[in-house]
Amino acid sequence: MSDPIDFRFDFSSPYSYLASERIDALAAKYGRKVRWRPIMMGPVFKSIGSRPIIDVPLKGDYSRRDFDRSARFLGVPYAQPAKFPVPTLAAARGYYWLHGQDCARAREFAHAVFRAYWVDGRDISETPVVLDIAAALGVDRDAYATAIGTQEIKDRLKQETDAAIALGVFGVPYITVDGEPFWGADRLPQIEKWLETGGF
């Protein structure tokens with residue numbers, strides 16, 4: 001098969017960041033493309049009565065250790081942000097606006113947002129910070145600020161999040177290959193095996 005891989009993520013998810021640094025190269029190795037689809041995990045958690053893993057006793061402490069260890073294992077730069085988790089509306093909405101114009105630019109922006117948060121510790125919940133990230137890539141600040149306030153772009157992000165909930169997404173990254181769901185950056189080896197063999 002050669003269908004695109006769906007990569008659903010939230011910019012505030014450390015495992016989404018780790019997967020984002022590897023998913024495109026992995027897909028390309030097997031002649032696949034990746035559809036990046038940011039969603040908002042707040043509504044997802046609300047729909048299933050869940051909460052971020054760091055808020056769960058014992059699991060939270062373990063997870064903070066695992067975030068850093070997983071980054072070291074993958075060889076990906078990582079620094080735990082002081083403010084975590086954070087809402088990422090401005091970045092997620094902006095991604096879809098940019099994607100409607102230029103897929104490559106949207107992908108470049110997504111990487112820049114992830115790295116700004118997970119490497120540089122910048123607060124991507126603040127719209128001015130996101131505007132700075134976009135502007136550094138040559139995106140018009142005013143156009144971006146206007147776009148993310150339009151009903152069309154607001155609806156697009158809501159539709160993507162609602163579709164993820166309907167699909168059964170409960171956490172991110174949620175990567176779908178040939179209809180097969182894989183949850184977590186630690187599933188990248190399984191995804192590679194799937195792509196290599198055509199399923200198992």
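A nonpolar core, as the term is used on this tour, is a set of buried Ala, Val, Leu, Ile, Met, Phe, Trp, Tyr and Cys residues joined through side-chain atoms within 4.5 Å. Keep in mind throughout that the model is predicted.

Begin by selecting W36, F109, Y144 and I175, which touch the most other members of the largest nonpolar core, a set of 57 residues. Then add helix α6, residues 103-118, which gives the most to this core, with 8 residues. Apart from this core lies another, of 8 residues, and V44, A164, V169 and V172 are among them.

Next, colour the strands. They make an open sheet of 4 strands in the order β2-β1-β3-β4, and the pairing is mixed. At the edges, each pairing on one side only, are β2 (34-38) and β4 (180-183), and from one strand to the next the twist averages 20 degrees. Now show helix α9, residues 151-167, which packs on the sheet and touches β1 (5-9), β2 and β3, its direction making about 105 degrees with that of β2.

Stay with β3, residues 174-177, and show its side chains. In a regular strand the side chains alternate between the two faces of the sheet. Here both faces of β3 are covered, since Y174 and T176 on one side and I175 and V177 on the other are all buried. With I175 selected, and its neighbours within four places in sequence set aside, look for its contacts, which include I5, F7, A19, I23, F182 and L188.

From β3, follow the pairing outwards in both directions. Towards β1 the two strands run antiparallel and are joined by 3 bridges, one of the pairs being D6 with its bridge partner T176 in β3. Towards β4 the pairing is also antiparallel, over 4 bridges; there T176 stands opposite P181, while Y174 has W183 as its bridge partner. The turn that links β3 and β4 belongs to a hairpin with 2 residues between the strands, and in that turn D178 has a positive phi of about 55 degrees.

Finish with the largest pocket, which has a volume of about 1,100 Å³. Of the 44 residues that line it, select S13, Y15, I53, V172 and W183, the closest to its centre. The elements giving two or more residues to the lining are α1 (14-20), α2 (23-29), α3 (41-48), α4 (59-74) and α10 (188-197), and the largest share, 8 residues, comes from α4.

Note on methods. Residues numbered from 1 in each chain as written. Predicted model: local features only at pLDDT ≥ 70, side-chain atom pairs only at ≥ 80, totals over all residues. Heavy atoms only, no water. Pairing = 2+ DSSP bridges. Axes fitted to C-alpha atoms, helices over the stretch in contact; angles between N-to-C directions. Contact = heavy atoms within 4.5 Å. Buried < 20%, exposed > 50% of the residue type's maximum accessible area, 1.4 Å probe, protein only. 1 Å grid on protein atoms, 1.4 Å probe; cavity = no way out; pocket = protein on both sides within 12 Å on 5 of 7 lines; lining within 4 Å. Points joined across faces, edges and corners; volume = space filled by probe spheres on them.
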